[in-house]
Amino acid sequence: MAGVRKYRDAAAFAELIEDYFARVDEENNQNPAEACPPVIEDLWCALGITRNTWESYKSPEITEKMSEGEKIEKQSMSDAVKKAEQRFTAELVRFGLKHPNRMALVIYLTKQKHYGGYTDKQEIEHKDVKIDLTINGVKGDAFG
């Protein structure tokens, strides 16, 4: 049985997320030599939630028994989570562009689920190949 959600107000939840990003920006501006991108697990700690809670906010269970207001609120929470994840990805890419020597880390992180979940895709072009086969020691039409 599911417990009571820690956050139910999507606007307040989104504001807490924004406060986290502002705090990271401020810390990075105060000490540029030690600047690092925001870390999603750090946000979860700041919010006092777990990965599972974050996932439940991202993909809420919406039932027919819920009022329209509850459905809208849960969808708004989901949107706030998805926007935060997009921002984590954008911040990582921006960090990688500023610090090219850390690009391998950025590439690795953007392949993680909460930082974009990107994958490497290898495209292979298939071409028709003509093969001529000669069997030595067979006279005439060998398959005729």
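**Exercise 1. Decide whether Ala80 is buried or exposed, and find what it touches.**

Solution. In this predicted model, Ala80 has a relative accessible area of 11%, and because buried means under 20%, Ala80 counts as buried. The next step is to place the residue, and Ala80 lies in helix α4, which covers residues 68–98. Leaving aside its neighbours within four places in sequence, Ala80 is in contact with Phe13, Ala14 and Ile17. A further step compares sequence with space: Ala80 and Ala11 are 69 residues apart in sequence, while their C-alpha atoms are 8.4 Å apart.

**Exercise 2. Work out which residues of helix α3 are buried, and what covers them.**

Solution. Helix α3 runs over residues 51–58, and its buried residues are Trp54, Glu55, Tyr57 and Lys58. Seen down the axis of α3, these buried residues fall within an arc of 160 degrees, so they line one face of the helix. The cover over the buried residues of α3 includes α1 (10–30), α2 (40–47) and α4.

**Exercise 3. Find which helices are joined by the salt bridge between Glu85 and Lys58, and whether its partners are buried or exposed.**

Solution. The side chains of Glu85 and Lys58 meet in a salt bridge with an N to O distance of 2.8 Å. Glu85 lies in helix α4 and Lys58 in helix α3, so the pair ties together parts that are 27 residues apart in sequence. As for accessibility, Glu85 counts as buried at 8%, and Lys58 is buried as well, with a relative accessible area of 17%. In general, side chains of opposite charge can pair when their charged atoms come close.

**Exercise 4. Explain the spacing of the salt-bridge partners Arg23 and Glu27 in helix α1, and of Glu91 and Arg94 in helix α4.**

Solution. The structure holds 10 salt bridges, including the one that Arg23 forms with Glu27, in which the closest N and O atoms are 3.1 Å apart. The two residues are 4 residues apart in helix α1, which means that about one helical turn separates Arg23 from Glu27. The general reason is that an α-helix has 3.6 residues a turn, so residues three or four places apart point the same way. Both partners are partly exposed, Arg23 at 34% relative accessibility and Glu27 with a relative accessible area of 41%.

The second pair is treated likewise. Glu91 forms a salt bridge with Arg94, and here the closest N and O atoms are 3.4 Å apart. Glu91 and Arg94 are 3 residues apart in helix α4, and so they too are separated by about one helical turn. Glu91 counts as buried at 13% relative accessibility, whereas Arg94 is partly exposed, with a relative accessible area of 42%. Salt bridges that share partners join Glu18, Asp25, Arg87, Glu91 and Arg94 into one network.

**Exercise 5. Describe the second largest pocket and the make-up of its lining.**

Solution. The volume of the second largest pocket is about 270 Å³. Its lining consists of 13 residues, of which Asp25, Asn28, Ala35, Glu91 and Lys98 are the closest to its centre. The elements that give two or more residues to this lining are α1 and α4, and α4 gives the most, with 4 residues. Sorted by chemical character, the lining divides into 6 nonpolar, 3 polar and 4 charged residues. Asp25 and Glu91, which are among the residues closest to the centre of this pocket, are also members of the salt-bridge network of Exercise 4.

Technical notes
Residues are numbered from 1 along each chain as its sequence is written. This is a predicted model: local features need pLDDT of at least 70, side-chain atom pairs count only at pLDDT 80 or more; totals for chains, interfaces and linings use all residues. Side-chain values use heavy atoms; hydrogens and water are left out. Buried means under 20% relative accessible area, exposed over 50%, partly exposed in between (1.4 Å probe, protein chains only). Contact means heavy atoms within 4.5 Å. The arc is that of the directions from the helix axis to the C-beta atoms. On a 1 Å grid over the protein atoms alone, a cavity is a set of points where a 1.4 Å probe fits but cannot get out, and a pocket is an open set with protein on both sides within 12 Å along at least five of seven lines; lining residues have an atom within 4 Å of a point. Grid points are joined across faces, edges and corners, and a volume is the space filled by probe spheres set on the points. Ala, Val, Leu, Ile, Met, Phe, Trp, Tyr, Cys and Pro count as nonpolar, Asp, Glu, Lys and Arg as charged, and the others, Gly among them, as polar. A salt bridge is a side-chain nitrogen of Lys or Arg within 4 Å of a carboxyl oxygen of Asp or Glu.
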